[in-house]
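Work through the exercises below with the sequence and the model side by side. Each task is followed by a solution in steps.

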Amino acid sequence: MTKQITRAEFQIMDVLWAESPLAAATVAERLAAETGWSLKTVKTLLSRLVEKGAVETTPDGRRYLYSPKVSRGAYARRATQRLADQLFGGRAAPLVAHLAESKGLSNEDLEELENLIGELKRDSH
């Protein structure tokens with residue numbers, strides 16, 4: 001996947017990451033209460049995601065089933081790296097510091113970060 005996905009496309013991906021493969025009508029049903037999008041809108045967004053290489057299709061009779069080609073984790077890694085590159089010169093520490101300052105960190109968050117830092121230190125030696 002080379003192109004960034006929009007917020008609307010991310011909502012489609014979120015449904016597909018939770019369960020796939022799905023038909024366009026099922027995706028539209030899952031998003032109806034939240035977005036109010038028509039089936040036509042969902043199909044347009046799915047087509048864009050296919051063009052961007054984020055979603056693949058599988059024929060199923062007279063319809064297509066849609067599945068993500070990129071995992072949520074892989075997408076998150078790329079999006080985080082782009083954000084760090086754009087705002088913090090590619091450095092992770094200022095990004096984490098900014099998130100901590102703006103969102104606040106729970107004791108659970110701090111423990112997870114401490115564990116991650118410990119793992120990263122062990123792996124680098």
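**Exercise 1: a glutamate and a lysine**

Leaving aside neighbours within four places in sequence, E9 is in contact (heavy atoms within 4.5 Å) with Q4, L45, R48, L49 and K52. The model is predicted, so local features need pLDDT of at least 70 and side-chain atom pairs count only at pLDDT 80 or more, while totals for chains, interfaces and linings use all residues. Residues are numbered from 1 along each chain as its sequence is written, and side-chain values use heavy atoms, with hydrogens and water left out.

Task: place E9 in its element and decide whether E9 is buried or exposed.

Solution.
1. E9 lies in helix α1 (7-18); helices are DSSP runs of H or I with at least four residues, strands are runs of E with at least two, and both are numbered from the N terminus.
2. The relative accessibility of E9 is 1%. Buried means under 20% relative accessible area, exposed over 50%, and partly exposed in between (1.4 Å probe, protein chains only). E9 therefore counts as buried.

Task: find where K52 sits and which backbone atom lies 2.9 Å from a polar atom of its side chain.

Solution.
1. K52 is in the loop between α3 (39-51) and β2 (55-60).
2. With a relative accessible area of 17%, K52 is buried.
3. The backbone atom is the oxygen of Q4.

**Exercise 2: two exposed residues**

Task: for A18 and E51, give the element and state whether each is buried or exposed.

Solution.
1. A18 belongs to helix α1. Its relative accessible area is 68%, so A18 is exposed.
2. A18 and R72 are 54 residues apart in sequence, with 9.6 Å between their C-alpha atoms.
3. E51 belongs to helix α3. Its relative accessibility is 70%, so E51 counts as exposed.
4. E51 and K3 are 48 residues apart in sequence, and their C-alpha atoms are 9.5 Å apart.

**Exercise 3: the largest nonpolar core**

Task: which members of the largest nonpolar core touch the most other members, and which helix gives the largest share?

Solution.
1. A nonpolar core is a set of buried Ala, Val, Leu, Ile, Met, Phe, Trp, Tyr and Cys residues joined through side-chain atoms within 4.5 Å.
2. The largest has 21 residues, and I12, M13, L16, V27, L46, L49 and V55 touch the most other members.
3. At least two residues of this core come from each of α1, α2 (24-35), α3 and α4 (72-88).
4. The largest share, five residues, is from α1.
5. Taking L16 and leaving aside neighbours within four places in sequence, the contacts are L22, V27, L46, V55, Y66 and P68.

**Exercise 4: a cis peptide bond**

Task: which residues does the cis peptide bond join, and where is P21 found?

Solution.
1. The cis bond joins S20 and P21, with omega about 5°.
2. P21 is in the loop between α1 and β1 (22-23).

**Exercise 5: the lining of the largest pocket**

Task: which helix gives the most to the lining, and how do the lining residues divide into nonpolar, polar and charged?

Solution.
1. A92, V96, L99, L105, L110, L113, E114, L116, I117 and L120 line the largest pocket.
2. α5 (92-103) and α6 (107-124) each supply at least two residues of the lining.
3. α6 gives the most, with six residues.
4. The division is nine nonpolar, no polar and one charged. Ala, Val, Leu, Ile, Met, Phe, Trp, Tyr, Cys and Pro count as nonpolar, Asp, Glu, Lys and Arg as charged, and the others, Gly among them, as polar.
5. On a 1 Å grid over the protein atoms alone, a pocket is an open set of points where a 1.4 Å probe fits, with protein on both sides within 12 Å along at least five of seven lines; lining residues have an atom within 4 Å of a point.

Technical notes: Polar contact = N/O pair within 3.5 Å; in protein donor to acceptor, adjacent residues only side chain to side chain.
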